[in-house]
Amino acid sequence: MSGLRVYSTSVTGSREIKSQQSEVTRILDGKRIQYQLVDISQDNALRDEMRALAGNPKATPPQIVNGDQYCGDYELFVEAVEQNTLQEFLKLS
């Protein structure tokens, strides 16, 4: 798979995960950055793929990947936005 992907879930009881997912997509949409939303709740293989890419067997959404390169999780995403290094974080530059 190529391009920017945001691993998320449409099925979660966690308000924190829902909030983080919507903030990531809101920021990407606002900056007109194209991405594909991957809903891991549709298939356990997608969850396993997300965790393998993140290198963390307990990783939770949102996780961000560009092609086969792992970019990071929500905390790293927010840090990149605050430091104005989002292009580098997303491996777009």
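1. Start with Val-78, which is buried at a relative accessible area of 18%. Buried here means under 20% relative accessible area, exposed means over 50%, and partly exposed is anything in between, using a 1.4 Å probe and protein chains only. Val-78 sits in helix α3. Helices (H or I, at least four residues) and strands (E, at least two) are DSSP runs, numbered from the N terminus. Val-78 and Thr-25 lie 53 residues apart in sequence, yet their C-alpha atoms are 12 Å apart in space.

2. A word on what you are looking at. This is a predicted model, where local features need pLDDT of at least 70, side-chain atom pairs count only at pLDDT 80 or more, and totals for chains, interfaces and linings use all residues. Residues are numbered from 1 along each chain as its sequence is written, and side-chain values use heavy atoms, with hydrogens and water left out.

3. Now helix α1. Its 16 residues should span 22 Å at 1.5 Å a residue, and the end C-alpha atoms are indeed 22 Å apart; the expected span is 1.5 Å times one less than the number of residues. Ile-17, Gln-20, Gln-21, Val-24, Thr-25, Ile-27 and Leu-28 are the buried residues of α1. They take up an arc of only 160° around the axis, so they sit on the same side of α1. That arc is taken from the directions from the helix axis to the C-beta atoms. Turn to the other side of α1 and you find Arg-15, Arg-26 and Gly-30 exposed.

4. What does the buried side of α1 pack against? The partners are β1, β2, β3, α3 and α4, where contact means heavy atoms within 4.5 Å. After α1 comes Arg-32, with a positive phi near 55°.

5. On to the nonpolar cores, each a set of buried Ala, Val, Leu, Ile, Met, Phe, Trp, Tyr and Cys residues joined through side-chain atoms within 4.5 Å. The largest has 15 residues, and Val-24, Leu-28, Ile-64, Phe-77, Leu-86, Phe-89 and Leu-90 have the most contacts inside it. At least two residues of this core come from each of β1, α1 (15-30), α3 (74-82) and α4 (86-89). The most generous of the contributors is α3, with four residues. There is also a second, separate core of eight residues, Tyr-7, Ile-40, Met-50 and Ala-59 among them.

6. Two leucines are worth a click. Leu-86, in helix α4, counts as buried at 7% relative accessibility. Setting aside neighbours within four places in sequence, Leu-86 is in contact with Ile-27, Lys-31, Ile-33, Phe-77, Ala-80 and Val-81. From Leu-86 to Leu-76, ten residues apart along the chain, the C-alpha separation is 9.7 Å. Leu-90, not counting residues up to four places away, touches Leu-4, Leu-28, Ile-33, Ile-64, Asn-66 and Cys-71.

7. How many aromatic pairs does a search of the whole structure find? Just one. Phe-77 and Phe-89 form the pair, edge-to-face, at 6.1 Å centre to centre and 65° between the planes. Rings of Phe, Tyr and Trp (its six-membered ring) pair if their centres lie within 6.5 Å; planes under 30 degrees apart count as stacked, over 60 as edge-to-face and the rest as tilted. Since Phe-77 belongs to helix α3 and Phe-89 to helix α4, the pair ties together parts that are twelve residues apart in sequence. Both Phe-77 and Phe-89 are buried.

8. Helix α2 (residues 44-54) has Leu-46, Met-50 and Ala-54 buried. Seen down the axis of α2, these buried residues fall within an arc of 70°, so they line one face of the helix. Their cover includes β1 (4-8), β2 (36-39), β3 (63-66) and β4 (69-73). At the N-terminal end, Asp-43 is the cap of α2: one of its side-chain oxygens lies 2.9 Å from the backbone nitrogen of Ala-45. Just after α2, Gly-55 has a positive phi of about 70°.

9. Last, look at Gln-63 in strand β3. Is Gln-63 buried or exposed? Gln-63 is buried, with a relative accessible area of 5%. Its side chain reaches the backbone oxygen of Thr-60 at 2.8 Å and makes a polar contact with the side chain of Tyr-70 at 2.4 Å. A polar contact is a pair of N or O atoms within 3.5 Å; within protein, one must be able to donate a hydrogen and the other to accept it, and residues adjacent in sequence count only if both atoms are side-chain atoms.
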